[in-house]
Amino acid sequence: FPVTIIHGNDSAAKAAEFGHFANLASGTERFIQLENEDLLLKVSTKGGKVHSVTLKKYQKSGKTGPVTLFEGEDNDFSVGFNTPDNKNIQTSALIFSPDKEKLSISGNQKDSVIFTAETGPGKSISFLYALEGKGHRVGCKLITNGMDQAIASNLNYLTLNWNTHLLRQEAHINSEREKSTLNIVTGK
């Protein structure tokens, strides 16, 4: 069910806090499902972040049901930057619009969903999530368009904030440590 995000009724207060991004500071949170043969992701329109990841073909140790790596507030993901008037903007506070309501692929298919936060015509921040029909790899790409006036000109970097609490999957902590890995690949 959808959750409505309310930041108060005062549009002047929103403008003071979010500047060019005030129109994106409230709205209804929805969850978009991305699925392939091995993986099920739910991506939230609040922040354009992955809400949950489930490995469909793996079972929890001693339990029934597939392995869920994290869910809900266990994953905090945001890109931060300053505006020219020194407002700190975190993408986790913005409502994004997806270009698809669901993605389900298999085999040799490849597809993606783009979550966009548009501040005006031709001015946006987007997260593109790419998935192949098989496997556990998810591509994530940050795309900015026409944000020259919205991001401070003296800023030559964006800050990635990512905190994740992975749910325990193995019966014993030593097995958990041996079998848990995370790989991040940067570049083109």
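## Salt bridges across the chain

In this predicted model, Arg30 and Glu101 bring their side chains together in a salt bridge, with N and O 2.6 Å apart. The two residues come from distant parts of the chain, 71 residues apart. Arg30 sits in the loop between β2 (27-29) and β3 (31-35), while Glu101 belongs to the loop between β9 and β10 (102-104). Arg30 has a relative accessibility of 32%, so it counts as partly exposed.

A search of the whole structure gives 5 salt bridges, and another one of them joins the side chains of Asp38 and Lys57, at 3.1 Å from N to O. Asp38 is in the loop between β3 and β4 (39-44) and Lys57 is in strand β5 (residues 50-59), so this pair ties together parts that are 19 residues apart in sequence. How do the partners sit with respect to solvent: is Asp38 buried or exposed? Asp38 is buried, at 10% relative accessibility, because the cut-off for that class is under 20%. Lys57, in turn, is exposed, with a relative accessible area of 55%.

## A pair between Asp85 and Lys87

Lys87 and Asp85 make a salt bridge too, and their closest N and O atoms are 3.3 Å apart. Here the lysine is the buried partner: Lys87 has a relative accessible area of 17%. Asp85 is partly exposed, with a value of 47%.

## The four-stranded sheet

Now let's turn to the strands. An open sheet is built from 4 strands in the order β9-β11-β12-β13, with antiparallel pairing. Its edges are β9 (97-98) and β13 (138-145), each of which pairs on one side only. As a reminder of the chemistry, strands of a sheet pair through backbone hydrogen bonds.

At the β9 edge, 2 bridges hold β9 and strand β11 (residues 110-120) in an antiparallel arrangement. Ser97 has Thr116 of β11 as its bridge partner, and Pro98 stands opposite Phe115 in β11.

## From β11 into β12

Which residue of β12 does Phe115 face? Opposite Phe115 stands Phe127 in β12, and Phe115 is also the residue that Pro98 stands opposite in β11. Strand β12 (residues 123-132) runs antiparallel to β11, and 10 bridges join the two.

The link between these strands is a hairpin, with 2 residues between β11 and β12. Take a look at Gly122 in the turn: its phi is positive, at about 75 degrees.

Terms used
Residues numbered from 1 in each chain as written. Predicted model: local features only at pLDDT ≥ 70, side-chain atom pairs only at ≥ 80, totals over all residues. Heavy atoms only, no water. Pairing = 2+ DSSP bridges. Salt bridge = Lys/Arg side-chain N within 4 Å of Asp/Glu carboxyl O. Buried < 20%, exposed > 50% of the residue type's maximum accessible area, 1.4 Å probe, protein only.
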